[in-house]
Amino acid sequence: MARKVIITCAVTGAIHTPSMSPALPVTPEEIADAAISAAEAGAAIVHLHARNPETGQPDQSAEAFEPFLKIIKQRSDCVVNLTTGGAPYMTVEERVKPAATWKPEVASLNMGSMNFGLFGMLKRFKDFRHDWEEKHLGNKDIVFRNTFQDIEYVLRTLSDAGTRFEFECYDTAHLYNLAHFLDAGLVKPPLFVQTVFGLLGGIGAHPEDVQHMKRTADRLFGDKYQWSVLGAGRNQLPIAAMAAAMGGNVRVGLEDSLWAGPGRLARSNAEQVRLARQIVEGLGLEIATPDEARQILDLKG
Ligand code: KMH
Ligand code: ZN
C-alpha cells in the first residue's frame, strides 16, 4: 500500500500583508473559503491565523477566530490547527488565547527563540495600502521569543483540552529543545515535527539542510515522530518535493509562500495544495484524508 502523505495548508499567517497579493485571505469569509477549498484540493489539515477584516492586520483575539471556525466546521471535516505563534511581536499569553478558547485538534508550538528577518520582503513589495504594513515589515530587530518557560506555558495551557501539537522547528537546536520536553514527559508521541526551511534567522533551504534536520530528528525521535516540511517563499515546492521523496509530509499555503512558480503569484491556497498533491501523487504516494491524518497523529477527532 502506498504511503499516505499529510498535506497541511497554512492559509494566511501573520507575516504577508494584503498589499502583497490579492489572493491572501483576510476576512473571515475569505479565510473560511480558502481553508475549505484547500481541504477540497487535498489538504488534511488547515493551519489558521485571524486578521482584522478591514486592514488585514493580524488579530490574535479569540473572537476574531470564531466566525471562520464556525463556517469551516459546518462545511468541512478537515483537521483544524490554530496558531500559538500569532505574530512575532505578540506576548505568549496573547498568542495562546485562541487555541485555549477553541480547543482545536492541533495547535502550532514554536520550539525556540530566533531572529526573524523580513528585509527581503520589504525590498520586493513597496506599495503598501495600509499604514501598519510597512511598520510591520520594516522592524529590523524582531526576536521571535519562545523561551523554555513560554513553551511550557503553551503546553500546560492546552494539554488538558486534548490538543496536540505541530512542533515548529526552525533549526536543529529546536529539535533538541523538543527532545528535552519529550524526556521531561511534557509531550507525547507521535510528535508532529514541522521543520521550517529558508527563513532568515533559521536554517537554510539547501538539500543538505533538509537532510541534516531529518537525520537529527531520526536520531532524537526514531519512530516516535512524523516528519513534515515547510519551505519559505520560493523554497516551498522544491522542499516539499525533496521531503515527500524522503518519507515526509508537506505544508504549503500563502502563510509560507505567495508563489506558485518563479515570478508567478499563486491564485489561491488551493492552487498550492494542488501543486503539492501533484508532486506527492507523481511519486506514487497518496495524500492522507483528514481521518487518516487523525489516525497517524493520534488526534482526538
Ligand atoms: N509562519 C511559519 C513559518 C505559528 O503560527 O505558530 C510558522 C508558523 C508559526 O506557522
Ligand atoms: Zn502560522
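**Group meeting: a walk around the barrel**

Okay, let's start with one pair of strands: strand β9, residues 191–197, and strand β10, residues 225–231, run parallel and are joined by 7 bridges. Before I go on, a reminder that what you're looking at is a predicted model. If you want one spot to click on in that pair, take F197, which stands opposite G231 in β10. And β10 itself is mostly covered, with 6 of its 7 residues buried.

So where does that pair sit? It belongs to a closed barrel of 8 strands, and the order is β2-β3-β4-β5-β8-β9-β10-β11, with parallel pairing. On average, neighbouring strands in this sheet are turned by 25 degrees against each other, if you ignore direction. As a quick refresher, strands of a sheet pair through backbone hydrogen bonds, and they can do that either parallel or antiparallel.

Let me take you to β2 and β11. Strand β2 covers residues 7–10 and strand β11 covers residues 249–252; 3 bridges join them, again parallel. One contact to look up there is T8, whose bridge partner in β11 is R251.

Now my favourite strand, β5, residues 106–110. How many of its residues are buried? That would be 5 of 5, so to speak, and I'd call the strand mostly covered. Remember that in a regular strand the side chains alternate between the two faces of the sheet. In β5 both faces are covered: on one side you've got V106, S108 and N110, on the other A107 and L109, and all of them are buried.

What does β5 pair with? On one hand there's strand β4, residues 79–82, which runs parallel to β5 and is joined to it by 2 bridges. Within that pairing, N81 has V106 as its bridge partner. On the other hand there's strand β8, residues 164–169, which pairs with β5 in the parallel sense over 5 bridges. V106 turns up again here, standing opposite R164 in β8.

On to the ligand. Ligand 1 has 13 residues around it, and the ones that come nearest are G13, T83, G85, S108 and V196. You've met S108 already: it's one of the buried residues of β5. By class, the shell around ligand 1 breaks down into 7 polar, 3 charged and 3 nonpolar residues.

Next, helices. Two packed helices are described by the angle between their axes and the distance between the axes. Take helix α3, residues 92–102, and helix α6, residues 148–159: their axes come within 10 Å and cross at roughly 20 degrees. With the cut-off for roughly parallel being under 35 degrees, that makes α3 roughly parallel to α6. The crossing of those two is right-handed.

The other pair is helix α7, residues 172–183, with helix α8, residues 207–221. Here the axes also come within 10 Å, and the crossing angle is roughly 15 degrees. So α7 and α8 are roughly parallel to each other as well. α7 passes α8 in a right-handed crossing.

Last stop is I31, which you'll find in helix α1, residues 28–41. Buried or exposed? I31 has 28 C-beta neighbours inside 10 Å, and the threshold for buried is 20 or more, so I31 counts as buried. If you'd like a distance to check on screen, the C-alpha atoms of I31 and T163 are separated by 22 Å, with their positions 132 residues apart along the chain.

That's my tour, thanks.

Conventions. Residues numbered from 1 in each chain as written. Chains lettered and ligands numbered in written order. Predicted model: local features only at pLDDT ≥ 70, side-chain atom pairs only at ≥ 80, totals over all residues. Near = placed C-beta within 6 Å. Nonpolar A, V, L, I, M, F, W, Y, C, P; charged D, E, K, R; others polar. Buried ≥ 20, exposed ≤ 12 C-beta atoms within 10 Å, placed from the backbone. Helix = DSSP H or I, 4+ residues; strand = E, 2+ residues; numbered from the N terminus. Pairing = 2+ DSSP bridges. Axes fitted to C-alpha atoms, helices over the stretch in contact; angles between N-to-C directions. Parallel < 35°, antiparallel > 145°, perpendicular 65-115°, else oblique. Left-handed = near helix turned anticlockwise from the far one by under 90°.
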